[in-house]
Amino acid sequence: MEARGLSRRAFLQGVGLAAAAGAAGGALAACSPGGGAGGAGGKAPDATAGQEAQAAVEDWAADTEELGEPQEVLNVDVCVVGAGGTGLAASMQSVQNGLSVVCLEKNGAPGGSFICTEGMAAIGTHWQAAEGVEIHQDKLIADLMAYHHWIPDYALYRAFLENSADAIDWLESLECNFQRVRAFGPSYQVCHEYAGDPARGLGSQFVESMVAAAEKLNVDIRCNTPAKRLVVEDGNVVGVLAVDEDDRVIKVECSSVIIATGGYGNNPAMLKALAGVDPDKVVASGMPGHDGDGIRMAHNAGAALCWDAGVANFYGNILIGSTYGSHVSAACSLQPVLWVNEKAQRYVNEDMFALNFPFNGMAHKGQKSVFTIMDQAIIDKFTNEGTQVEVGAAAPTGTPYDTLPDDIQSMLDQGNEHIFIEDSIEALAESAGLDPQALADTVKRYNDLCAAGTDTEFGKNPDFLVPIETGPFYAFEVGNGFFTTVGGIRVSTKAEALDENDEPIGGLYVCGMDSSGFYGDCYDAGVAPGSTAGWAIVSARLAANAAKERAGK
């Protein structure tokens, strides 16, 4: 039986859209949640910053949409807002808990940006035991807290990790399967990679299995039905107002609402106000529709924002106008290439993707513009041999990027204005809007370092020191790519939304990327890759179990 409002065809169309949006490799995004939850972290930096943040909040949180009288009223125990990985998990756990559920999804198919993930973090699993991997929880938490400069909520990390192995077992009981547990670079071996063919997108296949499990449980998923407002009575959330695909107002009356809308990665105003970035210089990877709806509705119902709500899972360079995981985007991001900023100067060791790719995004964040520079010899190397750096399942080493020349030409034919090709470095600089002499000096210095076999400027791995000397020469203007935003509403260890006094708001739970408490300023892939996806599932189940308790069942 198919979930209401959802057909297999609609789901597969959603998967195709995700692939077109660059989903195949976003898997690393499904890796961690953010923001202080009123525990160990969460102290505001200063009053002025707080006032400015509040003024910015008023700009994006304004709720002016007029809604008419409800034309349909549903009465259930739980209303889940969002049908991504978080919302699907919350809905399925709620049904298994004996609760009646309706799940509202604004897009035409479920899955959200969970389709863009590759695996999820957990410790104490049978996968790790089979490989003799023993990870001490206290040591991992200590390393995560140090990585995030003790901004997150220690208690949330403990709640996450203590429930992470059970989440893996639970998913497998639903026939949502994994194929190995792996590390990324220097990280702990905690990322449980989904079963499937990487070429088809591991996240897409995993979400398909989640949707199949939801269908078996008869979860009522209503697609094309965006939630608009929470219904609050006497300080408690008692329902949701939504609009269906026929523009009818639907009122859901319930004892608990679980918010799982996946953050605000597609909302320029929130990106600017909370994450402090220029929306025109960043590139969101994943499904559309992450407009901060859940954060806005929860905040307007009295839930507090954490001051560290403005975290984005930056991974760094991606050609503006391309999609994550495509050959051309990988060539602009991986090695061997040269990166320069708006001053035509290097700003980071270009192999940062191999060391800790979130740091690549943080280095990019400090530049006004960034360009990837390469020559024809490097283009040929990518075409015939692929990348020298592996990043997740999306970009394995040793796989030729045989479509790269055609991809570049196709993008030029379609009017992409961020690709520049010239016969000299000086002409290339002119085309890209860079200082010709500055770029020529930078390339000469870089080529000298390549000839010497040692990068005395940034310490780049000598294996990736390939000179830029064979014309024609290429410059690609790259934006700062990110998988998802992480953080927003302050929550308890039960995923309860908290008010400004750290008191739970009755009947309101916030999960996954809409909740805060897990991040400092960037994704922790260098420690616990898959933490966002892991938190998405664990927090969803915490919320569903708390809703069961509230319903007295």
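In the predicted model, Glu 72 has Ile 250 of strand E10 as its bridge partner. This pair belongs to the contact between strand E1 and strand E10 (residues 249-253), which pair in the parallel sense over four bridges. The two strands are part of an open sheet of four strands with the order E1-E10-E9-E8, in which the pairing is mixed. Strand E1 (72-75) and strand E8 (227-233) stand at the edges of this sheet; each has a single partner strand, so one side of each is left without a neighbour in the sheet. From one strand to the next, the twist averages 25 degrees.

The protein as a whole comprises 553 residues, of which 60% count as buried. Its secondary structure consists of 17 helices and 21 strands. Among contacts with a separation of 6 or more, 75% are accounted for by residues 24 or more positions apart. The exposed area amounts to about 20,000 Å², and carbon and sulfur atoms supply 47% of it.

A further open sheet has six strands in the order E7-E3-E2-E11-E20-E19, again with mixed pairing. Its edge strands are strand E7 (220-222) and strand E19 (496-498), each of which pairs on one side only. The twist in this sheet averages 30 degrees from one strand to the next.

Within the six-strand sheet, strand E11 (residues 256-259) is flanked by E2 and E20 in the strand order. Strand E2 (residues 78-81) runs parallel to E11 and is joined to it by four bridges; here Val 80 stands opposite Ile 258. On the other side, three bridges join E11 to strand E20 (residues 504-510), and this pair is parallel as well. Two positions illustrate the pairing with E20: the bridge partner of Val 257 is Leu 508, and Ile 259 stands opposite Val 510. Both faces of E11 are covered, since Ser 256 and Ile 258 on one side and Val 257 and Ile 259 on the other are all buried.

Helix packing was examined next. Helix H6 (residues 154-162) and helix H17 (residues 531-551) have axes that come within 10 Å and cross at roughly 80 degrees. The two helices are therefore roughly perpendicular to each other. On the H6 side the contact is made by Leu 156, Ala 159 and Phe 160, and on the H17 side by Ser 531, Gly 534, Trp 535 and Val 538. By residue class, the contact of H6 with H17 divides into five nonpolar and two polar residues, with no charged residue taking part. H17 also packs on the six-strand sheet, where the helix touches E2, E11 and E20. The direction of H17 makes about 145 degrees with that of E20. Helix H17 thus has contacts both with H6 and with strands of the sheet, E11 among them.

A loop position completes the description. Gly 276 lies between helix H9 (268-275) and strand E12 (282-284), in the loop that links these two elements. With a relative accessibility of 56%, Gly 276 counts as exposed, because the cut-off for that class is over 50%. Along the chain, Gly 276 and Gly 310 are 34 residues apart, while their C-alpha atoms are separated by 7.2 Å. The exposed Gly 276 may be set beside the residues of E11, which are all buried.

Technical notes. Residues are numbered from 1 along each chain as its sequence is written. This is a predicted model: local features need pLDDT of at least 70, side-chain atom pairs count only at pLDDT 80 or more; totals for chains, interfaces and linings use all residues. Side-chain values use heavy atoms; hydrogens and water are left out. Buried means under 20% relative accessible area, exposed over 50%, partly exposed in between (1.4 Å probe, protein chains only). Contact means heavy atoms within 4.5 Å. Accessible areas come from the Shrake-Rupley method with a 1.4 Å probe; for residues, only the protein chains shown count as cover. Two strands pair if DSSP finds at least two bridges between them. Axes are lines fitted to C-alpha atoms, for helices over the stretch in contact, and angles run from 0 to 180 degrees between N-to-C directions. Angles under 35 degrees count as roughly parallel, over 145 as roughly antiparallel, 65 to 115 as roughly perpendicular and the rest as oblique. Ala, Val, Leu, Ile, Met, Phe, Trp, Tyr, Cys and Pro count as nonpolar, Asp, Glu, Lys and Arg as charged, and the others, Gly among them, as polar.
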